[in-house]
Number of protein chains: 2
Amino acid sequence: MTTCLKYSIFCNDRIMRNEHAQLSPISTAFVLHWGEMGTRWGINRTVAQIHALLYLSTRPIPADEIAETLGVARSNVSNSLRELQGWGIIRIVHVLGDRRDHFESLKDVWEMFQIILDERKKREVDPTMAVLKRLVDEAKSAGKGEEHTRERLSAMLGFFETMTGWYGQIRRMPAGAVVKFAKMGDRIRKLISTGT
Amino acid sequence: MTTCLKYSIFCNDRIMRNEHAQLSPISTAFVLHWGEMGTRWGINRTVAQIHALLYLSTRPIPADEIAETLGVARSNVSNSLRELQGWGIIRIVHVLGDRRDHFESLKDVWEMFQIILDERKKREVDPTMAVLKRLVDEAKSAGKGEEHTRERLSAMLGFFETMTGWYGQIRRMPAGAVVKFAKMGDRIRKLISTGT
DNA sequence: CCTATGTTTCTGTATGTACAGAACAAACGG
DNA sequence: CCGTTTGTTCTGTACATACAGAAACATAGG
């Protein structure tokens, strides 16, 4: 596998391409599933696939290789990488003797999901709470005609406030503590049923 | 406002329509925002809007009135209502002297979100975990070539297992306990740092 | 059994987004 | 500097899905 081949005109040949960027069946299965999963949670399929690929990779990968491996356009990869960098779960690294940007994913699952949750909170939950606050205020001013609306929106707002407050508690715990906590449900329940 | 008007040819007139199905500005704002929010989390806009509408409503609403109010096709409403019933967060009720099905939403926010989380877990997280389990097994069989892949997938699976186990603990708590818990983060942290 | 009323299913259209490919820009090496 | 490699932006197309409207279907009353 020589470098000259890699950039030769034969790169367009599928067989040649596969020689350079083949995924194992297991990795392929994960990449595809992760892509599907992404779409169901409002994340672009290619973005999720790239993330999966980098997560499984033993080494940083340059953009063109990602494009080859996943069989998508180079431009698509470029945009998706920017998106992932925006989320903060992948980053650029450089490899000696290679001008190209290489990309690697965070490897710590807990850290990764914490970042994702933080981001989604910031982008979606916080604005929702802001809207709810505003509407509750407006409903108060509007008086009796909006009394019921105010009550419903307050309930919703209260829910979000509790949930985000709670999430705030958890995300300040060290990662190990969360795991511990998950294993001692009964004692927690007891504490709560007696405590203030 | 007579019944004959409601089903008269004037129903097509926007002014007439509004007379029957007008939302307050506050309610409108919430319905629209909820619709946007839905799309970001992989839920159809109309579905989310209908849910918002029913959540704010003081009374059960028939499908055709929903269609009027939101300005969408009757068929669209029909499909969206089926979807929402599939989720289990709205139900059909009947009103005396009216043959039509009326729909009402769950009003308890906690119950509502618990149902939504349960459903999404069942539909998306559980299948993901099944896939991960299978792939981890396959990677074990595959031996050394897939050692790294196995390790990554195991980490991911472990994360999901902890999270779902944890969610299982929480969702068995009475609703009030969760709120309580959110307010006593420090004591919980202490417990965890000393406990088993 | 026919009609009025209501609901679901079917079919084509529209809309938004993802995506490929090309054009462009910048960085680098010779 | 000039050609080549690498990365980004732009433009049109394709695709998936949402949606409207119509037709078909169901049901209850008369």
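This short presentation describes a predicted model of two protein chains, A and B, with two DNA strands, C and D.

Good morning, colleagues. I shall begin with the fold of a single chain. The secondary structure of chain A comprises 10 helices and three strands. Read from the N terminus, the order of elements is α-α-α-α-β-α-α-β-β-α-α-α-α. Chain A has 196 residues, of which 27% are buried. If we take the contacts in chain A between residues at least 6 apart in sequence, 45% of them connect residues at least 24 apart.

I turn now to the relation between the two copies. As a general matter, two copies of a chain are related by a rotation about an axis and a shift along it. In this model, a turn of 180 degrees with a shift of 0.0 Å along the axis lays chain A on chain B with an RMSD of 0.1 Å. The two copies are therefore related as by a two-fold rotation axis.

How many residues does each chain bring to the contact? Chain A contributes 50 residues and chain B contributes 51 residues. On the side of chain A that touches chain B, at least two residues come from each of helix H3 (25-40), helix H4 (45-56), helix H7 (109-142), helix H8 (147-172), helix H9 (175-182) and helix H10 (185-194). H8(A) gives the most, with 11 residues. By class, this side of chain A holds 28 nonpolar, 14 polar and eight charged residues. Moreover, 100% of the interface residues of chain A are interface residues in chain B as well, so the copies meet through the same surface.

Since H8(A) gives the most to that side of chain A, let us examine this helix further. H8(A) has 26 residues, which should span 38 Å at 1.5 Å a residue; the end C-alpha atoms are 37 Å apart, in agreement with that expectation. Its buried residues are A:Thr149, A:Arg150, A:Arg152, A:Leu153 and A:Met156. Against what do these buried residues of H8(A) pack? Within chain A they pack against H7, and in chain B against helix H3 (25-40), H4 and helix H7 (109-142).

One residue of helix H7 in chain A deserves mention, namely A:Gln114. A:Gln114 has 17 other C-beta atoms within 10 Å and is thus partly exposed. Its C-alpha atom is separated by 7.3 Å from that of A:Arg171, although the two residues are 57 apart along the chain.

Next, the DNA. Around strand C there are 18 residues, and those that come nearest are A:Thr46, A:Ala73, A:Ser75, B:Ser75 and B:Asp101. Two or more residues of this surface come from each of H4 and helix H6 (74-87) of chain A, and helix H5 (63-70) and helix H6 (74-87) of chain B. H6(B) gives the most, with four residues. The surface near strand C has four nonpolar, seven polar and seven charged residues.

For strand D, there are again 18 surrounding residues, the closest being A:Ser75, A:Asp101, B:Thr46, B:Ala73 and B:Ser75. Here the largest share, four residues, belongs to H6(A). The classes near strand D are five nonpolar, seven polar and six charged.

Let us look at H6(B) itself. This helix has 14 residues and reaches 20 Å between its first and last C-alpha atoms, close to the 20 Å expected at 1.5 Å a residue. Which of its residues are buried? They are B:Val77, B:Ser80, B:Leu81 and B:Leu84. These residues cover an arc of only 105 degrees around the axis, which puts them on the same side of H6(B). The general reasoning is that an α-helix has 3.6 residues a turn, so residues three or four places apart point the same way. The buried residues of H6(B) pack against H4, H5, strand S2 (90-94) and strand S3 (101-105) of chain B. On the face turned away from that buried side lie the exposed residues B:Ser75, B:Arg82 and B:Gly86. Just after the helix, B:Gly88 adopts a positive phi of about 85 degrees.

I close with B:Asp101, one of the residues that come nearest to strand C. B:Asp101 is placed in strand S3 of chain B. Is B:Asp101 buried or exposed? The answer lies between the two: B:Asp101 is partly exposed, with 15 other C-beta atoms within 10 Å. Leaving aside neighbours within four places in sequence, B:Asp101 contacts B:Pro62, B:Ala63 and B:Ile92. Thank you for your attention.

Notes
Residues numbered from 1 in each chain as written. Chains lettered and ligands numbered in written order. Predicted model: local features only at pLDDT ≥ 70, side-chain atom pairs only at ≥ 80, totals over all residues. Contact = placed C-beta atoms within 7 Å. Nonpolar A, V, L, I, M, F, W, Y, C, P; charged D, E, K, R; others polar. Near = placed C-beta within 6 Å. Expected span 1.5 Å × (residues − 1). Buried ≥ 20, exposed ≤ 12 C-beta atoms within 10 Å, placed from the backbone. Arc of directions from axis to C-beta. Least-squares fit on C-alpha atoms with pLDDT ≥ 70 in both.
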